[in-house]
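Student: Got a minute to walk through a structure with me? I'd like to start with how the terms are set.

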Amino acid sequence: MRCRVCGEKAFIKLHYPKMYLCADHFVEYFERKVKRTIEKYKLLKPDEKVLVVISGGKDSAVTAYVLKKLGYNVECLHINLGIGEYSEKSEQYAREQCRIIGAPLHVVNVRELLGKGIGEVRTRRPTCSYCGLTKRYLFNKFAYDNGFDVIATGHNLDDEASFIFSNLMNWNTEYLAKQGPVLPGEGKFVRKVKPLYELTEREVVAYALAVGLEYIVDECPHARGATTIEYKEILNEMEEKRPGTKINFVKGYLRKRHLFEAELREIELKECKLCGMPAQGEKCSFCKFWGLEEPVTLKIANTDDEEPFGP
Ligand SMILES: [Zn+2]
Ligand SMILES: [Zn+2]
């Protein structure tokens with residue numbers, strides 16, 4: 001099959017809208033779509049300092065790559081979780097990705113910072129749960145301490161559709177009140193945005209291939225059962241039968257999201273007495289979980305961590 005724009009050999013068949021594109025025209029299509037998503041949902045302003053948390057996977061790498069190409073002021077953060085070889089490999093990919101992207105990379109190493117890696121803590125709390133807590137705290141505090149205006153994450157259309165779908169299936173209506181392409185910042189919570197909101201996982205994989213970004217494919221060894229993957233598979237089957245299912249599902253959700261607002265609980269946030277970040281009790285859940293006596297320091301100038309390295 002031939003590219004619909006130039007007639008060269010096709011690189012990909014898009015299902016919705018249905019068309020064949022060569023690699024160059026697919027790259028153009030993808031970047032235009034990110035640009036439109038940013039404009040439509042007012043994700044970023046041109047002069048903002050953007051932090052992308054690079055995991056070594058495809059989504060975050062593609063996010064940083066496209067934002068940089070669109071002219072945004074992008075820096076990257078990689079959190080080495082200390083999960084043996086998996087984390088070492090992830091960090092290697094993150095470094096190589098940032099070299100290609102041409103953005104400075106900062107690395108925070110969980111074991112160096114907190115004494116233990118993820119999976120090495122004795123606790124009844126599930127590993128993925130405290131891993132999530134740790135990552136969210138570290139990237140938010142890193143962004144806050146270092147003056148970033150916004151954090152861009154790699155969530156794609158499949159992630160969003162399956163998140164909404166699984167929360168509907170379980171009637172987690174509180175989560176459904178506050179999901180979307182922008183999670184507004186508040187106090188010491190830095191705003192989070194999702195530039196790949198309207199692009200499918202398949203398109204993200206194809207884009208990474210087209211621009212030569214390599215990424216880690218291995219699953220984290222702690223990854224819990226595959227319910228998210230099951231929801232994604234069901235949505236993909238629906239998409240096969242009815243192209244446009246995922247995007248229409250997500251857009252419909254955004255139109256109806258206000259219906260869930262009554263489910264939002266008012267949580268009064270104080271300041272953690274240790275680190276000063278938002279907390280529900282005396283200490284924030286991060287300082288409490290890790291049993292800290294001193295707050296962690298993530299200011300770039302104060303760590304002998306990483307020299308930003310660029311092109
Ligand atoms: Zn073409
Ligand atoms: Zn704290």
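Tutor: Sure. Helices here are DSSP runs of H or I with at least four residues, strands are E runs of at least two, and both are numbered from the N terminus. Keep in mind that this is a predicted model.

Student: OK, so what does glycine 212 do just after α8?

Tutor: Glycine 212 takes a positive phi, about 80°.

Student: And which residues of α8 are buried?

Tutor: Glu203, Val204, Ala206, Tyr207, Ala208 and Val211.

Student: What do those buried residues pack against?

Tutor: The buried side of the story for α8 involves β1 (12-15), α1 and α2 (58-69), which its buried residues pack against.

Student: Which residues touch the most other members in the largest nonpolar core?

Tutor: That core has 58 residues, and the ones touching the most other members are Phe26, Phe30, Leu44, Val62, Leu67 and Tyr207. Take phenylalanine 30: leaving aside residues up to four places away in sequence, it touches Val62, Val66, Leu196, Leu199, Glu203, Val204 and Tyr207. There's also a second, separate core of 33 residues, with Ile83, Leu133, Phe148 and Leu292 among its members.

Student: Let's switch to aromatics. How many aromatic pairs are there?

Tutor: The structure holds 14. One of them is tyrosine 41 with tyrosine 197: the ring centres are 5.7 Å apart and the planes sit at 70°, so the pair counts as edge-to-face.

Student: Where do tyrosine 41 and tyrosine 197 lie?

Tutor: Tyrosine 41 is in the loop between α1 (23-40) and β3 (49-53), and tyrosine 197 is in the loop between β8 (191-193) and α8 (201-211), so the pair ties together parts 156 residues apart in sequence.

Student: Are tyrosine 41 and tyrosine 197 buried or exposed?

Tutor: Both tyrosine 41 and tyrosine 197 are buried.

Student: Which residues form an aromatic cluster?

Tutor: Phe11, Phe26, Tyr29, Phe30, Tyr65 and Tyr207 form one.

Student: New topic: the metal. What coordinates the zinc ion (ligand 2)?

Tutor: Four cysteine SG atoms, from Cys272, Cys275, Cys284 and Cys287, at 2.2 to 2.4 Å. The angles among the four donor atoms run from 103 to 115°, and the site is tetrahedral.

Student: How are the donor residues spaced in sequence?

Tutor: The spacing is C-x2-C-x8-C-x2-C.

Student: Why does cysteine 275 count as buried?

Tutor: Because its relative accessible area is 14%, and the cut-off for buried is under 20%. Cysteine 284 is buried too, at 3% relative accessibility.

Student: Now the backbone oddities. Where is the cis peptide bond?

Tutor: Between tyrosine 16 and proline 17, with omega about 0°. Proline 17 is in the loop between β1 and β2 (18-21).

Student: What about lysine 42, what's its phi?

Tutor: Near 50°, so a positive value in a residue other than glycine. Lysine 42 is in the loop between α1 and β3, and it is exposed, with a relative accessible area of 69%.

Student: And tryptophan 171, where does that lie?

Tutor: Tryptophan 171 is in the loop between α6 (157-169) and α7 (173-176). Its phi is positive as well, about 50°, although it is not a glycine.

Student: Is tryptophan 171 buried or exposed?

Tutor: Exposed, with a relative accessible area of 61%.

Student: Last one: which residues does UniProt list for "domain: Rhodanese"?

Tutor: The unreviewed UniProt entry lists residues 14-95. Over residues 14-95 the chain is 51% helix and 23% strand, with the end C-alpha atoms 31 Å apart.

Definitions and conventions:
Residues numbered from 1 in each chain as written. Chains lettered and ligands numbered in written order. Predicted model: local features only at pLDDT ≥ 70, side-chain atom pairs only at ≥ 80, totals over all residues. Heavy atoms only, no water. Donors = N, O, S within 2.8 Å, 3.2 Å for Na, K, Ca; no water. Tetrahedral: all angles 85-135°; square planar, octahedral: opposite > 155°, others 65-115°. Buried < 20%, exposed > 50% of the residue type's maximum accessible area, 1.4 Å probe, protein only. UniProt positions renumbered as here; feature names shortened; annotations may be inferred. Core = buried A, V, L, I, M, F, W, Y, C linked by side-chain atoms within 4.5 Å. Contact = heavy atoms within 4.5 Å. Phe/Tyr/Trp six-rings, centres within 6.5 Å; stacked < 30°, edge-to-face > 60°.
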